[in-house]
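Grab a pencil and work through the exercises below with the model open beside you. Each one sets a task and then walks through a solution.

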Amino acid sequence: MVSQMKISYGTIKNTKQQDKPNEDLVFCDLDRNIFILLDGVSRDTINGEYPFPSPAAEATEILKANIHKELSVTLGNVRDRIVTAMMKANAKVQEYNREHILDFAAGAVGIIGVIEDQRFYYAYIGDCYGRVITGDKVEIFTTCQTQEIARHKREYSTYEIRHIICNNIKHPCGYGVLNGDERAYDFIQSGVIDCANIDQIILSSDGMEGYLSGAFIGEIYESTAQELIIKAMRYNNKAQDDRSVIKIEKEHLLQ
């Protein structure tokens, strides 16, 4: 039996600053069932202006292109392939950072998925989210890696957060970013989900979490990715981060 999935996806720019571009990126290769959602790490303004071009946006493009390329040409264990693709792409970001003089390394967090043989293989780093809906239950299968630093950020300087805590698995507030640092490997988490009994898979950037964490399951279930993004905009009138969603729905089974 082969599962038929309906796919919807979307992304929208932040409302924090007019000249700050959308540093999220969503990409779906429906021929190979490869799904990529990335969230670039925001930069500081320079004399009141956001850097152009954005190093964060450029890092997400590098990661997407290289992750997709690697997953398109390699064979073998899917879970291992995703992790390997992330680290090879991370090395390309290292090259970018060597070529550009920046106050801190450009990078991104993200979640990558591949559907094969009715299984959803995934790997993630940072604070992007993955959910599955089964019947009347919704379950988050990712763990936000920035929770501890968010709780304790006032205890550390910006320099410490970016240069000492980032990608430091030994630090109690350590969190992962694909920014060229080889230690990012320590923060990549991977897994596999049997698609046979689930109804939907939802991948999202952290800009959606304020809305998704409190939304009724029926509202999430019945909405496309684009509709969820619009509802998130209406949910909070305050300045919002970039918002991105990939939604995979099981339509029916073919004999």
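**Exercise 1: the first helix**

Buried residues of H1 are Pro 55, Ala 56, Ala 57, Ala 59, Thr 60, Ile 62, Leu 63, Lys 64, Ile 67, His 68, Glu 70 and Leu 71. Buried here means under 20% relative accessible area, exposed means over 50%, and partly exposed is in between, using a 1.4 Å probe and protein chains only. Helices (H or I, at least four residues) and strands (E, at least two) are DSSP runs, numbered from the N terminus.

Before going on, some ground rules. This is a predicted model, where local features need pLDDT of at least 70 and side-chain atom pairs count only at pLDDT 80 or more, while totals for chains, interfaces and linings use all residues. Residues are numbered from 1 along each chain as its sequence is written, and side-chain values use heavy atoms, with hydrogens and water left out.

*Task.* Work out what covers the buried residues of H1, what caps its N-terminal end, and what its end C-alpha atoms say about its span.

*Solution.*
- Step 1: look around the helix. The cover includes strand S2 (24-29), strand S3 (34-40), helix H2 (78-99) and strand S4 (108-116). Contact means heavy atoms within 4.5 Å.
- Step 2: check the N-terminal end. Ser 54 is the cap, with a side-chain oxygen 3.2 Å from the backbone nitrogen of Ala 56. That fits the rule for a polar contact: a pair of N or O atoms within 3.5 Å; within protein, one must be able to donate a hydrogen and the other to accept it, and residues adjacent in sequence count only if both atoms are side-chain atoms.
- Step 3: do the ruler test. H1 runs over residues 55-73, and its 19 residues at 1.5 Å each should span 27 Å; the end C-alpha atoms are 27 Å apart, so the two agree. The expected span is 1.5 Å times one less than the number of residues.

**Exercise 2: from H1 into H2**

*Task.* Follow the chain out of H1 and find which polar contacts Thr 74 makes.

*Solution.*
- Step 1: place the residue. Thr 74 sits in the loop between H1 and H2.
- Step 2: look back. A polar atom of the Thr 74 side chain lies 2.7 Å from the backbone oxygen of Glu 70.
- Step 3: look ahead. The side chains of Thr 74 and Arg 81 are joined by a polar contact of 3.2 Å.

*Task.* Now for Ala 89: is it buried or exposed, and which residues does it contact?

*Solution.*
- Step 1: Ala 89 is part of helix H2, and with a relative accessible area of 0% it counts as buried.
- Step 2: setting aside neighbours within four places in sequence, Ala 89 contacts Ile 62, Leu 63, Asn 66 and Ile 67.

**Exercise 3: the cores**

*Task.* Find which element gives the largest share of the largest nonpolar core.

*Solution.*
- Step 1: define it. A nonpolar core is a set of buried Ala, Val, Leu, Ile, Met, Phe, Trp, Tyr and Cys residues joined through side-chain atoms within 4.5 Å.
- Step 2: the largest core has 29 residues, and those with the most contacts inside it are Leu 63, Ile 67, Leu 71, Ile 82, Met 86, Ile 112 and Ile 188.
- Step 3: S3, H1, H2, S4 and strand S5 (119-125) each give two or more residues to this core, and H2 has the largest share, with 9 residues.
- Step 4: zoom in on Met 86. Beyond four places in sequence, Met 86 contacts Ile 67, Ile 112, Ala 123, Tyr 124, Ile 125, Leu 178 and Ile 188.
- Step 5: keep going. A second, separate core has 27 residues, including Phe 35, Leu 37, Ile 198 and Ile 201.

**Exercise 4: a buried glutamine**

*Task.* Find where Gln 145 lies and which backbone atoms its side chain reaches.

*Solution.*
- Step 1: Gln 145 is in the loop between strand S7 (137-140) and helix H3 (147-152), and its relative accessible area of 13% makes it buried.
- Step 2: its side chain reaches the backbone oxygen of Phe 187 at 2.7 Å, and a polar atom of that side chain lies 3.3 Å from the backbone nitrogen of Gly 176.

**Exercise 5: backbone oddities**

*Task.* Pick out a cis peptide bond and residues other than glycine with positive phi.

*Solution.*
- Step 1: recall that most residues other than glycine have a negative phi, and most peptide bonds are trans.
- Step 2: the bond from Phe 52 to Pro 53 is cis, with omega near -5 degrees; Pro 53 lies in the loop between S3 and H1.
- Step 3: Asn 33, in the loop between S2 and S3, has phi near 55 degrees.
- Step 4: Gln 118, in the loop between S4 and S5, has phi near 60 degrees.
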